[in-house]
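Visitor: I'd like a close look at a single part of this model, and then a walk outward from there. Could you take me through it slowly?

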Amino acid sequence: METVFTPWQSLGGGVLIGTAAVLLMLTLGRIMGATGILAGLVTPVSRDDFAWRLAILLGMVSGPLAVMAVTGRMPEIVVPGSPALLIIGGLIVGVGVTFGSGCTSGHGICGMARFSKRSIAATLVFMATTTATVFIVRHVVGA
Amino acid sequence: MRLISAYLIGLIFGVGIAVSGMMNPAKVLNFFDFAGSWDPSLIFVMAGGLVVATLGYRFVLPRPAPLLGERFMLPQTRAIDARLIGGSAVFGIGWGLSGFCPGGALPALGTGKLDVYVFVAAVVAGILLAKMLNRIGSRPAALSKA
């Protein structure tokens, strides 16, 4: 299924994501990683630690609502796969990011921006296996 | 003050994810489909995020401490080991199957779409499963050391 190429929106969105990462480091001294934030909510280490993670999650969840308030439209979400694929994919993502210590935001943006060799390696590896998975699902299995 | 800052930063991140297209699996998966309906948009997300974060960190990290915290909490691990590579490889497979990554899915909860809640619940289950496997995996090592 085709999607519309949106270079300017995507660049603008990327700039906002980067800005959030810089501001979180400047204020709380933390890496802006979705994996770390979620994992810290699931297995909290202290009340204060839980509180800032919950606050940032509530902010994230308000994001699409703010976009709707301004543009009048909810951001589009189209899921090409089945619910079963979402559950299996989600489980695999949860296991992978825990062992891999991060995902697209933590390794791909924050880690690479610090020139962390671990994050560069992690990003190259997951970009490669994502590409291979999409190729197999769409062109070998032929969904 | 810490909580208000965290909320507003989350909001900036969430708006960024929404505007960029990262919360739409159809768009994310097309970025990886070079052999089919390729949509290069996500390279612009990565570029915008990386340029701002790289420049911003250069000004922030040399400071003695964050404004509202005691110190910068940076990962201390340096080793590129099997856990990092294997975990990242596995994450990519899940991302490729579902089209959601955690950074895209958490803000997407705000749309109220059931698909997103199903995915995030599965990710939480996966995190708990991995932590359990971790404990089982570390037990024999602890025994052999003793």
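Is Val140(A) buried or exposed?

Guide: Val140(A) is exposed, since there are 9 other C-beta atoms within 10 Å of its own, and a residue counts as exposed at 12 or fewer. Bear in mind that this is a predicted model. The residue sits in helix H6 of chain A. If you want a reference point for it, take Val79(A): the two are 61 residues apart in sequence, and their C-alpha atoms are 20 Å apart in space.

Now step back to the chain that carries it. Chain A has six helices and zero strands, so read from the N terminus the elements simply go α-α-α-α-α-α. Its C-alpha trace spans about 50 × 40 × 30 Å along the principal axes. Of its 143 residues, 55% count as buried. As for contacts within chain A between residues at least 6 apart in sequence, 42% of them join residues at least 24 apart.

Going back along the chain from H6, you reach the loop between H5 and helix H6 (117-140) of chain A, where Phe115(A) is found. Phe115(A) has a positive phi of about 60 degrees, although it is not a glycine. Like the valine we started from, it counts as exposed, in this case with 10 C-beta neighbours inside 10 Å. On the other side of H5, in the loop between helix H4 (83-100) and H5 of chain A, is Ser101(A). Here too phi is positive, about 55 degrees, in a residue that is not a glycine. Its surroundings are another matter: Ser101(A) is buried, with 22 other C-beta atoms within 10 Å.

H5(A) itself takes us across to the other chain. Its axis and that of H3(B) come within 8 Å and cross at roughly 35 degrees, and the crossing is right-handed. From H5(A), the contact uses Gly108(A), Ile109(A), Cys110(A), Met112(A) and Ala113(A), while H3(B) brings Met46(B), Gly49(B), Leu50(B), Ala53(B), Thr54(B) and Tyr57(B). By class, that makes eight nonpolar, three polar and no charged residues.

H3(B) is worth a pause. Its 20 residues should span 28 Å at 1.5 Å a residue, and its end C-alpha atoms are 29 Å apart, which agrees. Among its buried residues are Met46(B), Gly49(B), Ala53(B) and Tyr57(B), which also take part in the contact with H5(A). The buried residues of H3(B) pack against helix H1 (7-27) and helix H5 (104-113) of chain A, together with H1 and H2 of chain B. Further along chain B, in the loop between H3 and H4, lies Glu70(B). That glutamate is exposed, with 8 other C-beta atoms within 10 Å. Its C-alpha atom is separated by 37 Å from that of Val118(B), 48 residues away along the chain.

The helix pair is one piece of a wider interface. In total, 101 residues of chain B are in contact with 102 residues of chain A. On the chain B side, the elements that give two or more residues are helix H1 (2-20), helix H2 (25-31), helix H3 (41-60), helix H4 (82-98), helix H5 (102-108) and helix H6 (114-145). H1(B) gives the largest share, 18 residues. Sorted by class, this side of chain B has 62 nonpolar, 29 polar and 10 charged residues.

That leaves H1(A), one of the partners of H3(B). H1(A) is mostly covered, with 17 of its 21 residues buried. Its length works out as well: 21 residues at 1.5 Å each should span 30 Å, and the end C-alpha atoms are 30 Å apart, which agrees. Just after the helix, Gly29(A) takes a positive phi of about 70 degrees.

What does H1(A) contribute to the largest nonpolar core? This core has 83 residues, and the ones that touch the most other members are Ala20(A), Ala21(A) and Val22(A). H1(A) supplies the largest share of it, 11 residues. Take Ala20(A) up close: leaving out residues up to four places away in sequence, it touches Met32(A) as well as Ile9(B), Ile12(B), Phe13(B) and Gly16(B). As background, nonpolar side chains tend to be buried together in soluble globular proteins. So the tour that began at an exposed valine finishes at a residue whose listed contacts include several from chain B.

Note on methods. Residues numbered from 1 in each chain as written. Chains lettered and ligands numbered in written order. Predicted model: local features only at pLDDT ≥ 70, side-chain atom pairs only at ≥ 80, totals over all residues. Contact = placed C-beta atoms within 7 Å. Helix = DSSP H or I, 4+ residues; strand = E, 2+ residues; numbered from the N terminus. Nonpolar A, V, L, I, M, F, W, Y, C, P; charged D, E, K, R; others polar. Expected span 1.5 Å × (residues − 1). Buried ≥ 20, exposed ≤ 12 C-beta atoms within 10 Å, placed from the backbone. Core = buried A, V, L, I, M, F, W, Y, C linked by C-beta atoms within 7 Å. Axes fitted to C-alpha atoms, helices over the stretch in contact; angles between N-to-C directions. Left-handed = near helix turned anticlockwise from the far one by under 90°.
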